[in-house]
Amino acid sequence: MANLDTVFHGLADPTRRAVITRLAGGPAAVSELAAPHKMALPSFLKHLKVLEEAGLVKSRKLGRVRTCALEIDAMAQVERWITDRKRFWEQQYDQLEAYLASTALEEKTDDSH
Amino acid sequence: MTLTNATFAIERLLNASPGRVFAAYSSLEAKSAWFKAPSDIETLDRDFDFRVGGKERFHARWPSGMTTDFDATYHDIVQDERIILVYDMFHNGAKLSVSLLSVELKSEGDRTRLIHTEQGCYLTGGDEAVRSREHGTTWHIDNLVALMEGREARAFA
C-alpha cells in the first residue's frame, strides 16, 4: 500500500531526491546510482532501502547487477486524484461565493437569521 | 488494485454569516444554485435528503461522454456549525474513492471561515491507472522534488 507520509519521508533527503531525479531519466544500476555520492556503499544502500519501502523505487537483480527503477504509478494517480478533487471543490466554493453574493440583498431585507 | 489513504483541506473566508452559508447547504433549491457543474451536463439522477442518515446523489453525464456519480450519506449535521458526510465517487461506473468529508463553519466577525477536510481512500489500478500512466511519471517526480526543496510546483496539465 502506498502512503503519502512514507513518500514524503522518502523524499526528505537530498541524496534520495538526487536518486529519484536520476531515475526519472530511466532505470540505472546501483553502482551507477551510487557513483556521484560521496559515501560508503552501505550508507547509500540504506537510502535506497528507504526509497523502496516508500514504494518509490523498485529494484531487481539481473545476473550480477542490481537495477533500480521508479515505481510511482500509484502515487502519481493519487496525486492526480487529489488535484482533481481539490480543483472540483474550489470550483464549487467559487460558485458558493457567487451565490452568497447574489442573495446578500435578500438577507438585508429579511433579517430573520 | 491499490488502496491509498490521503487527506487534504480547503479553507475559504466567505462574505456571509454561518447561518447563510448553512442555508446554502440545507435545501435542494439553494444547493442547486451553486453545487453544480460549470458546463453543460446532463443530470441522470439527483437525490437530496438533508438529514442525518439521509442521502444525496448527483449522477451526471458530461459533454465528453464521461459519467460521474457523487453518492453521499449525511452522518452529522449541526445547524450553522458543521456537516459531516461520507461519499463515494464513481467515474464511468467505476468506484474511484470513498471519502469522509467534514465542512466546519466558523464565525469571523460578519464573515464565515469554511474548513473543508477530506480523508479519502483512493482506489487505483483500473482504467484510470492506464490513463494516468499516459501522463508520465516525470511531472509527478519533478513536482514532489520541487515541493520538498521549497520551489513552486508546475500546474498539472
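## Contacts and overall layout

In chain A, 55% of the contacts with a separation of 6 or more are between residues 24 or more positions apart. Keep in mind that this is a predicted model. Of the 113 residues in chain A, 27% are buried.

Chain A has six helices and three strands. Walk along the sequence and you meet them in the pattern α-α-β-α-α-β-β-α-α.

## The sheet

The three strands of chain A form an open sheet in the order β1-β3-β2, and the pairing is antiparallel. At the edges sit β1 (28-29) and β2 (57-62) of chain A, each of which pairs on one side only. As a reminder, strands of a sheet pair through backbone hydrogen bonds, either parallel or antiparallel.

How many bridges join β2(A) to β3(A)? There are six, with the two strands running antiparallel. Along this pair, Val57(A) stands opposite Leu70(A) in β3(A).

## Helices against the sheet

Two helices are worth a look here. α2(A) lies across β1, β2 and β3 of chain A, and runs at about 85 degrees to β3(A). α4(A) also packs on the sheet, where it touches β2 and β3 of chain A. The direction of α4(A) makes about 115 degrees with that of β2(A).

As for its build, α4 of chain A covers residues 41-53, so to speak 13 residues. From first C-alpha to last, α4 reaches 18 Å, close to the 18 Å expected at 1.5 Å a residue. Just after α4(A) comes Gly55(A), with a positive phi of about 75 degrees.

## One face of α2

Which residues of α2(A) are buried? They are Thr15(A), Arg16(A), Val19(A), Ile20(A) and Leu23(A). Look down the axis of α2(A) and these buried residues fall within an arc of 140 degrees, so they line one face of the helix.

## The nonpolar core

The largest nonpolar core has twelve residues: Val7(A), Leu11(A), Val19(A), Ile20(A), Leu23(A), Leu33(A), Leu51(A), Ala54(A), Leu56(A), Val57(A), Cys68(A) and Leu70(A). Two or more residues of this core come from each of α1 (4-11), α2 (14-23) and β3 (65-70) of chain A. The largest share, three residues, belongs to α2(A).

Leu33(A) is a handy residue to click on in this core. Leaving aside neighbours within four places in sequence, Leu33(A) is in contact with Val19(A), Arg22(A), Ala28(A) and Cys68(A). Of these partners, Val19(A) and Cys68(A) are themselves listed in the core.

Methods
Residues are numbered from 1 along each chain as its sequence is written. Chains are lettered from A and ligands numbered from 1 in the order in which they are written. This is a predicted model: local features need pLDDT of at least 70, side-chain atom pairs count only at pLDDT 80 or more; totals for chains, interfaces and linings use all residues. Helices (H or I, at least four residues) and strands (E, at least two) are DSSP runs, numbered from the N terminus. A residue is buried if 20 or more other C-beta atoms lie within 10 Å of its own, exposed if 12 or fewer, and partly exposed in between; C-beta atoms are placed from the backbone. Two residues are in contact if their C-beta atoms, placed from the backbone, lie within 7 Å. The expected span of a helix is 1.5 Å times one less than its number of residues. A nonpolar core is a set of buried Ala, Val, Leu, Ile, Met, Phe, Trp, Tyr and Cys residues joined through C-beta atoms within 7 Å. The arc is that of the directions from the helix axis to the C-beta atoms. Two strands pair if DSSP finds at least two bridges between them. Axes are lines fitted to C-alpha atoms, for helices over the stretch in contact, and angles run from 0 to 180 degrees between N-to-C directions.
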